Amino acid sequence: MNAEIDLQEAAKQHLWLHFTRMSTYGTSDIPLIVRGEGPYVYDDKGKRYLDGLAGLFVSMVGHGRTKIAEAAAKQASELAYFPLWSYAHPAAIKLADRIASLAPGDLNRVFFTTSGSEAVESAWKLAKAYFKQKGEHSRYKVISRDIAYHGTSMGALAVTGLSAIKPDFEPLPPGGVRVPNTNFYRAPEFVADDEAAFGIWAADEIERAIEREGADTVAAVFLEPVQNSGGCFPPPPGYFQRVREICDRHGVLLVSDEVICAFGRLGYYFGSERYGYLPDIITFAKGVTSGYSPLGGMVVRDEIMEPFLSGTSTFLHGITFAGHPVSSAVALANLDIFEEEDLLGNVRANEAGFRSTLEKLKDLPIVGDVRGAGYFYGIELVKDKDTKETFDDDESERLLRGYLSHALFDAGLVCRADDRGDPVIQLAPPLICTQEHFDEMEQVLRATLSEAWKRM
Ligand SMILES: Cc1ncc(COP(=O)(O)O)c(C=O)c1O
């Protein structure tokens with residue numbers, strides 16, 4: 001019955017786009033993506049785009065994988081739904097077993113959610129509940145980094161370090177505490193020439209925050225292996241090792257928010273593995289299914305689970321669709337592809353090529369910094385390369401919203417032009433990409449950024 005509707009018109013009338021100024025589409029068309037194949041997606045007019053952001057850091061194995069679609073169909077016909085509330089089903093059991101076997105150290109217990117925000121929300125709730133079980137009733141605060149994005153539900157938003165997206169929803173749950181992020185390009189002057197010293201300073205800021213707040217009030221530190229928001233901040237050398245020591249010293253849990261960084265984005269199943277630290281809880285979502293069906297979760301250390309394994313103790317938390325049979329079956333099929341095609345190997349073999357291809361853009365006057373790891377890069381745009389002067393709000397608005405976002409898309413590249421921190425372009429393509437795709441990105445970026453510079 002819906003077949004005949006005008007999709008453009010119906011979208012404008014009835015669909016509410018996320019994080020989107022809907023007024024933008026009063027006069028212009030909403031981009032309609034109708035299908036995908038490999039690292040490319042196609043719009044309703046048949047135009048092809050390189051999916052340089054894997055949708056939203058999601059499509060690890062690329063688009064159009066019929067094997068995953070078939071696994072979903074098989075599971076839906078066998079058992080479409082049953083909850084994980086007091087029951088289990090084979091797909092969730094197999095997936096939990098598989099994730100536990102891939103996760104580092106003794107992170108052996110998987111609690112499923114349907115999204116990254118729910119995973120973060122669940123991790124904070126678990127940290128609080130765990131300390132209550134242990135008799136440390138006053139620990140509830142969570143420390144996270146400035147500009148870091150950890151999701152939009154109320155708890156996850158309180159963990160999020162982007163002040164601009166909070167005021168409409170205040171008051172938020174109390175207890176969110178901010179520390180500096182690891183943007184070495186904009187490091188304070190006294191450590192600007194020494195990345196290791198910068199890392200120690202940034203880690204020690206976490207300890208200072210714990211001491212300032214009172215260690216007995218702090219439950220957890222939430223950090224991404226490579227911070228997304230602000231434009232891909234990799235950790236300085238030694239940063240996570242020092243953070244781990246600090247957390248241990250003060251009895252605070254370390255949560256690695258790997259909603260973006262898990263499942264291959266950094267060339268490893270888990271980002272913490274790449275940087276050699278053992279978190280107490282890892283949150284994941286996105287790449288676990290490559291987006292063929294929604295799923296998220298957290299994987300936790302034995303010690304965190306332990307208080308919930310005896311007597312009447314219960315983690316009083318659950319989500320109807322968490323660990324959904326179809327999503328779990330999809331995740332298993334997705335992980336099969338990871339193995340069959342050695343996608344982690346592909347990222348590790350090609351990431352240097354990706355980096356050096358993007359670094360060619362540094363000859364443009366507008367490109368201040370290229371940073372990231374694996375298949376996850378940010379390009380920081382500046383007004384003056386020598387002084388690192390950034391664009392003011394008006395310029396940033398004209399540059400990113402007024403020009404770059406549309407121009408990059410029109411030129412056939414899906415990526416993200418973001419000014420939640422300093423203005424950046426972000427790239428996180430499917431893990432199947434190779435040099436030809438990096439070259440394509442570079443060419444589009446070169447032409448579009450050159451034009452943007454002329455217009456400033
Ligand atoms: C690090 C991190 N945590 C949490 C989230 C929230 O995930 P979701 O949008 O699935 O709720 C995101 C989303 O991008 C994220 O990048």
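Modeller: A helix, as the word is used here, is a DSSP run of H or I covering at least four residues, with numbering from the N terminus. The model we are discussing is a predicted one, and in it H250 lies in helix 8, the run of residues 239-250.

Biologist: Why is H250 called buried?

Modeller: Its relative accessible area is 14%, and since buried means under 20%, H250 counts as buried. Leaving aside neighbours within four places in sequence, H250 is in contact with R139, E207, I210, E211 and A215.

Biologist: How do you know that E442 is buried rather than partly exposed?

Modeller: The same reasoning applies, because the cut-off for buried is under 20% and E442 has a relative accessible area of 8%. E442 is found in helix 14, and, not counting residues up to four places away in sequence, E442 touches T357, K360 and L361.

Biologist: What makes helix 12 roughly parallel to helix 14?

Modeller: The axes of helix 12 (residues 343-359) and helix 14 cross at roughly 15 degrees and come within 9 Å. Angles under 35 degrees count as roughly parallel, and therefore helix 12 is described as roughly parallel to helix 14. The crossing of the two helices is right-handed. Helix 12 brings N350, G353, F354, T357 and L358 to the contact, while helix 14 brings Q435, F438, D439, M441, E442 and L445.

Biologist: How do the residues of the contact of helix 12 with helix 14 divide?

Modeller: They divide into 5 nonpolar, 4 polar and 2 charged; Gly is placed among the polar residues by the convention used, which is why G353 does not count as nonpolar.

Biologist: Which strands does helix 14 lie across?

Modeller: Helix 14 (residues 435-455) lies across strand 2 (40-43), strand 3 and strand 13, and runs at about 110 degrees to strand 3. These strands belong to an open sheet of 4 strands with the order 1-2-3-13 and mixed pairing.

Biologist: Why do strand 1 and strand 13 stand at the edges?

Modeller: Strand 1 (33-37) and strand 13 (413-414) each have a single partner strand, so one side of each is left without a neighbour in the sheet.

Biologist: How do you know that strand 3 and strand 13 pair?

Modeller: Two strands pair if DSSP finds at least two bridges between them, and strand 3 (residues 48-51) and strand 13 are joined over 2 bridges in the parallel sense, so the criterion is met. One position to look at is L50, whose bridge partner in strand 13 is L413.

Biologist: In what order do the strands of the open sheet of 7 strands stand?

Modeller: That sheet has the order 4-10-9-8-7-5-6, again with mixed pairing. Strand 4 (107-113) and strand 6 (176-179) are the edge strands, each pairing on one side only, and the twist averages 25 degrees from one strand to the next.

Biologist: How many bridges join strand 9 to strand 10?

Modeller: Strand 9 (residues 281-284) and strand 10 (residues 296-301) run antiparallel and are joined by 4 bridges, which satisfies the requirement of at least two because pairing is defined by that number. F284 stands opposite G297 in strand 10, and I281 has V300 as its bridge partner there. Strand 8 (residues 253-257) pairs with strand 9 in the parallel sense over 3 bridges, and D257 has T283 as its bridge partner in strand 9.

Biologist: Which way do the residues of strand 9 point, and are they buried or exposed?

Modeller: I281 and T283 point one way from strand 9 and I282 and F284 the other way, and all are buried.

Notes: Residues are numbered from 1 along each chain as its sequence is written. This is a predicted model: local features need pLDDT of at least 70, side-chain atom pairs count only at pLDDT 80 or more; totals for chains, interfaces and linings use all residues. Side-chain values use heavy atoms; hydrogens and water are left out. Contact means heavy atoms within 4.5 Å. Axes are lines fitted to C-alpha atoms, for helices over the stretch in contact, and angles run from 0 to 180 degrees between N-to-C directions. Buried means under 20% relative accessible area, exposed over 50%, partly exposed in between (1.4 Å probe, protein chains only). Angles under 35 degrees count as roughly parallel, over 145 as roughly antiparallel, 65 to 115 as roughly perpendicular and the rest as oblique. A crossing is left-handed if the near helix is turned anticlockwise from the far one by less than a right angle, and right-handed if clockwise.
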